[in-house]
Number of protein chains: 2
Amino acid sequence: MARVRVTLKPTVNDPEGITIAKALGRLGFESVDQVRSGKYFEITLDEDSEPRARRQVGEMCDKLLANPVIERYSFDLEGA
Amino acid sequence: MARVRVTLKPTVNDPEGITIAKALGRLGFESVDQVRSGKYFEITLDEDSEPRARRQVGEMCDKLLANPVIERYSFDLEGA
């Protein structure tokens, strides 16, 4: 399984994250400095080769899961 | 920093994930079995104590970031 995280680039404004940070502050979580919001995908793959799985998931991110103009991604592979 | 992942519980239908899995199949990624979609948050905390940070992030998830009826969450802490 691939666990993919897609986040906005640091220079891109993140109104959802800002809103959540403010809401957490109002709930009493005063230690919160910043929140950045993003997307998360768990992809189950039928692929035995770890290098091939890694290359495929990178291509999935480039082609569909992330918008390269404003987002960046990272992922881990788990299992076979 | 806390890296929080919020996903739908396994029994909850995930139309976004199903749509993404189909789209990946159409793009030629035939090894994709299943996609589950979720949310991802990076929370920067001003908290030196790791146990306190862990407790606070758990409370943030319970109170705001996740809907306990249909979602579950997990997180890692990084740094101080």
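**Exercise 1. Determine how strand β1(B) is paired and covered.**

*Solution.* Strands β1(B) and β2(B) pair in the antiparallel sense over six bridges. Here strands are DSSP runs marked E of at least two residues, helices are runs marked H or I of at least four residues, and both are numbered from the N terminus; two strands pair if DSSP finds at least two bridges between them. The model is a predicted one, in which local features need pLDDT of at least 70 and side-chain atom pairs count only at pLDDT 80 or more, while totals for chains, interfaces and linings use all residues. Residues are numbered from 1 along each chain as its sequence is written, chains are lettered from A and ligands numbered from 1 in the order in which they are written, and side-chain values use heavy atoms, with hydrogens and water left out.

Next, consider the other partner. Strand β1(B) is joined by seven antiparallel bridges to β3 (residues 71-77) of chain B, where Asp76(B) stands opposite Arg3(B).

Finally, consider the cover. Six of the seven residues of β1(B) are buried, that is, under 20% relative accessible area, whereas exposed means over 50% and partly exposed lies in between (1.4 Å probe, protein chains only).

**Exercise 2. Describe the surroundings of Arg5(B).**

*Solution.* Begin with the position: Arg5(B) belongs to strand β1 (residues 2-8) of chain B, and its bridge partner in β2(B) is Tyr40(B).

Then classify the residue. Arg5(B) counts as buried because its relative accessibility is 11%.

Now list the neighbours beyond four places in sequence. Arg5(B) is in contact with several residues, among them Tyr40(A), Lys39(B), Arg72(B) and Phe75(B); contact means heavy atoms within 4.5 Å. The side chains of Arg5(B) and Asp76(B) are joined by a polar contact of 3.0 Å. A polar contact is a pair of N or O atoms within 3.5 Å; within protein, one must be able to donate a hydrogen and the other to accept it, and residues adjacent in sequence count only if both atoms are side-chain atoms.

**Exercise 3. Characterise the interface of chain A and chain B.**

*Solution.* First, count the residues: 31 residues of chain A are in contact with 31 residues of chain B.

Second, state the area. The two chains bury about 2,700 Å² between them, 67% of it on carbon and sulfur atoms; buried area is the accessible area (1.4 Å probe) that two parts lose on being put together, summed over both. In chain A, Phe29(A), Ser31(A) and Tyr40(A) lose the most area to chain B, together 22% of what that side buries.

Third, count the polar links. There are 12 residue pairs in polar contact between the chains, with both residues at pLDDT 80 or more.

Fourth, identify the elements. β2(A) gives the largest share of the side of chain A that touches chain B, 14 residues. Strand β2(A) is also joined by 13 bridges to β2 (residues 32-45) of chain B, and the two run antiparallel.

**Exercise 4. Place Thr44(A) at this pairing.**

*Solution.* Thr44(A) lies in strand β2 of chain A and stands opposite Gln34(B) in β2(B).

Because its relative accessible area is 27%, Thr44(A) is partly exposed.

Beyond four places in sequence, the contacts of Thr44(A) include Met1(A), Ser31(B) and Val32(B). Thr44(A) and Ala2(A) are 42 residues apart in sequence and 6.5 Å apart in space, C-alpha to C-alpha.
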